Amino acid sequence: MTPNTFHIGLCMAGGVSAGAYTAGVVDYLLNALQRWEQQRGQPGVPNHRVQLSIIGGASAGGMTGLLTAAAVQQPNVNLFKQAWVTMQGNNMMAPLLDVTDLQKPGLPQSLLNAGLLDELANAVFLNPSKQWQPLPDYIHPQLKLFVTMTNIVGYPYPMSFNANLNQQHQTMSVHQDYACFQFSKNGQSEKGWMPLNLPSGLHVQTLRDAALATGAFPIGLPPRILHRPWEAIFQNQWIHQPGLVLEPSSTNYTSLHVDGGLMNNEPFEKVRELLNQVVQQENPLYALDQSFEQFRSSVLMIDPFPTEIGAPIPMQPDMLHMMQYLLQAILQQMKAKPAPIMQVLQQQHAGQFLIAPVRTILGGTAQRFEGATAMAGGALGGFSGFINQQFREHDYALGQYNCAMFLKNHFTIPKAALTTHPIFSKGYAEVNLNQFSSANGHAVQIIPLFAPNQVPLPWPVLHHDPLDKMQPIMQKRIGMLLKNIPMSGIKKCLFDFSAPLFLNRVIAKQVKQYLLQGLLAHGLLQLTD
């Protein structure tokens, strides 16, 4: 590292199948850094450095973040596209509805079969034929990666009260959890961080399991068991906070997890904390100034579904709507950020940027779509991308295009601040600024672009029923799920008799109608009578 290095951290939010969008963004970002590296040293090329130093995420974003660890050492293989677009074929509903998992003893673990995800994760992380390449210079050699998870058992802590009770301790628990990794050549890492070396296999199995754990959508996908060295728990300041009752052990810590997005879907405050540490480790005298004149690092948040203020909730809602509102309130409260951190981040815009889906349609009346409405994978709560590969291809290309526009016009430093900035003033010395200026000409690109222009794909519209052959598969899975409902006696006999005859058909028909209506409402399907 040199004082001429600017550090970036990626924070990737969840998005179910919209992870294809996030993957497209990261793919273009890495390609932009690679193309700049190939031009380095030539006349007129900026010579400062930008290093990817921190990666954090939740759910689909966390899975993409850990996937990045493998992708940066396999530049000749597009792992992002393999994992999020190609997958195992066009329609992923068939493997998700496969019943092989329900044929095992015991109660069902989830509504959907997660065998597809296991196979994809094994191909990315555990394939012994992989040829690992050295880390490129734009990746920090001690890159830190983490994902958020929901720990089902949780970490206990006692609270003592003066009371007229035999037991004066009330036990509570913390369920927000993190799997933390750090690139390491020699097997060493900072306390609380698991050393990661993909070529040697060090903690690669744990990395693979953590990717599946952070993306374990509750009920829809099965919970995941994760084995971690005890030191990764006891020495991690995010996990072992004051007051927790954790007894050190010589064995691994085993835990059960579901989706990390439940607890912290946008862990940008953690990415910012780690970036500050990187800057200070580089030189303790550096000020953590996030003004455009001085900032030395920035968080880039990729969020397929940026949060919007919802519609006002009626003061006297009915019971069914109240259940929905309560769930939304609980989820929002669990993901709320500490007020002091929010105040800092709101006031210091130079250190934080957001890449979110934006799609425009030019013509007589220009239209602009943002967030879920911009993506083909934005329907059905983010699950629509699994129905057709065209949807995933569109969102992947949209991520690439949005990243190109972001790097060109938004991830910039104002020219007024350039001359005094300690990094960019040197990097752009004797360089023609016009070549790397934003569209309005008032700012200069932090990552100078040498990549060709990106073109988004046309909006995909299907003219056939993509679920035409899925109903029998749905019926079979639904029937087996119903058969596993714990009952006894006459109720069990009646249920086992009715489920395969008509109940599974009724439910499958309703599910199919719901899916088709979602595709129609999102403009992804046009059927003619």
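Buried means under 20% relative accessible area, exposed means over 50%, and partly exposed covers what lies in between. Keep that cut-off at hand for the exercises below, and remember that this is a predicted model.

**Exercise 1. Buried or exposed: how does Gly-377 count, and where is Gly-377 placed?**

Step 1. Find the residue: Gly-377 sits in the loop between β11 and α11.

Step 2. Apply the cut-off. The relative accessibility of Gly-377 is 0%, so this glycine counts as buried.

Step 3. Look across to Glu-393. The two residues are 16 apart in sequence, and their C-alpha atoms are 9.8 Å apart in space.

**Exercise 2. Find Leu-380 and Met-87, and describe their phi angles and their burial.**

Step 1. Start with the general expectation: most residues other than glycine have a negative phi.

Step 2. Turn to Leu-380, which is found in the loop between β11 (367-370) and α11 (389-409). Its phi is near 55°, a positive value in a residue other than glycine. With 14% relative accessibility, Leu-380 counts as buried.

Step 3. Now take Met-87, in the loop between α3 and α4 (93-97). Met-87 is not a glycine either, yet has a positive phi of about 50°. At 11% relative accessibility, Met-87 is buried.

**Exercise 3. How many cavities of 30 Å³ or more does a search of the whole structure find, and what lines them?**

Step 1. Recall the idea behind such a search: rolling a probe the size of a water molecule over the atoms shows where empty space is left.

Step 2. Count the results. The search finds two cavities of 30 Å³ or more.

Step 3. Describe the largest cavity, whose volume is about 370 Å³. Its lining has 25 residues, and those closest to the centre are Met-63, Trp-84, Leu-117, Leu-120 and Leu-212. Four elements each give two or more residues to this lining: α2 (59-71), α3 (79-86), α5 (115-126) and α6 (204-214).

Step 4. Sort that lining by class: 20 residues are nonpolar, four are polar and one is charged.

Step 5. Move to the second largest cavity, with a volume of about 30 Å³. Among the residues lining the second largest cavity are Val-279, Asp-289, Phe-295 and Arg-296. By class, its lining has four nonpolar, three polar and two charged residues.

**Exercise 4. Follow the salt bridges, and work out which parts of the chain the pair Asp-465 and Lys-512 ties together.**

Step 1. Begin with the rule: a side-chain nitrogen of Lys or Arg must lie within 4 Å of a carboxyl oxygen of Asp or Glu. The count by this rule is ten salt bridges.

Step 2. Try the rule on Glu-37 and Arg-40. Their closest N and O atoms are 3.3 Å apart, and the pair forms a salt bridge.

Step 3. Next, examine Asp-209 and Arg-208, whose side chains meet at 2.8 Å, N to O. Asp-209 is buried at 13% relative accessibility, and Arg-208 is buried at 10%.

Step 4. Go on to Asp-465 and Lys-512, which form a salt bridge with an N to O distance of 3.1 Å. Asp-465 lies in the loop between β13 (443-445) and α14 (471-483) and Lys-512 lies in helix α15, so this pair ties together parts that are 47 residues apart in sequence. Lys-512 has a relative accessible area of 11% and is buried.

Step 5. Finish with the shared partners: salt bridges join Asp-118, Arg-208, Asp-209 and Arg-224 into one network.

**Exercise 5. Locate Ile-507 and Arg-49, and decide how each one counts by accessibility.**

Step 1. Place Ile-507 in helix α15 (residues 489-521). At 31% relative accessibility, Ile-507 counts as partly exposed.

Step 2. See what surface Ile-507 helps to make. Together with Phe-502, Val-506 and Val-511, Ile-507 makes a nonpolar surface patch of about 310 Å².

Step 3. Place Arg-49 in strand β2 (residues 49-57). Its relative accessibility is 24%, so Arg-49 also counts as partly exposed.

Step 4. Check the distance from Arg-49 to Tyr-138. These residues are 89 apart along the chain, while their C-alpha atoms are separated by 7.3 Å.

Terms used: Residues are numbered from 1 along each chain as its sequence is written. This is a predicted model: local features need pLDDT of at least 70, side-chain atom pairs count only at pLDDT 80 or more; totals for chains, interfaces and linings use all residues. Side-chain values use heavy atoms; hydrogens and water are left out. On a 1 Å grid over the protein atoms alone, a cavity is a set of points where a 1.4 Å probe fits but cannot get out, and a pocket is an open set with protein on both sides within 12 Å along at least five of seven lines; lining residues have an atom within 4 Å of a point. Grid points are joined across faces, edges and corners, and a volume is the space filled by probe spheres set on the points. Ala, Val, Leu, Ile, Met, Phe, Trp, Tyr, Cys and Pro count as nonpolar, Asp, Glu, Lys and Arg as charged, and the others, Gly among them, as polar. Patches are made of residues with over 30% relative accessible area and no salt bridge: like charges are joined within 9 Å, nonpolar side chains (Val, Leu, Ile, Met, Phe, Trp, Tyr) within 5 Å. Accessible areas come from the Shrake-Rupley method with a 1.4 Å probe; for residues, only the protein chains shown count as cover. Buried means under 20% relative accessible area, exposed over 50%, partly exposed in between (1.4 Å probe, protein chains only).
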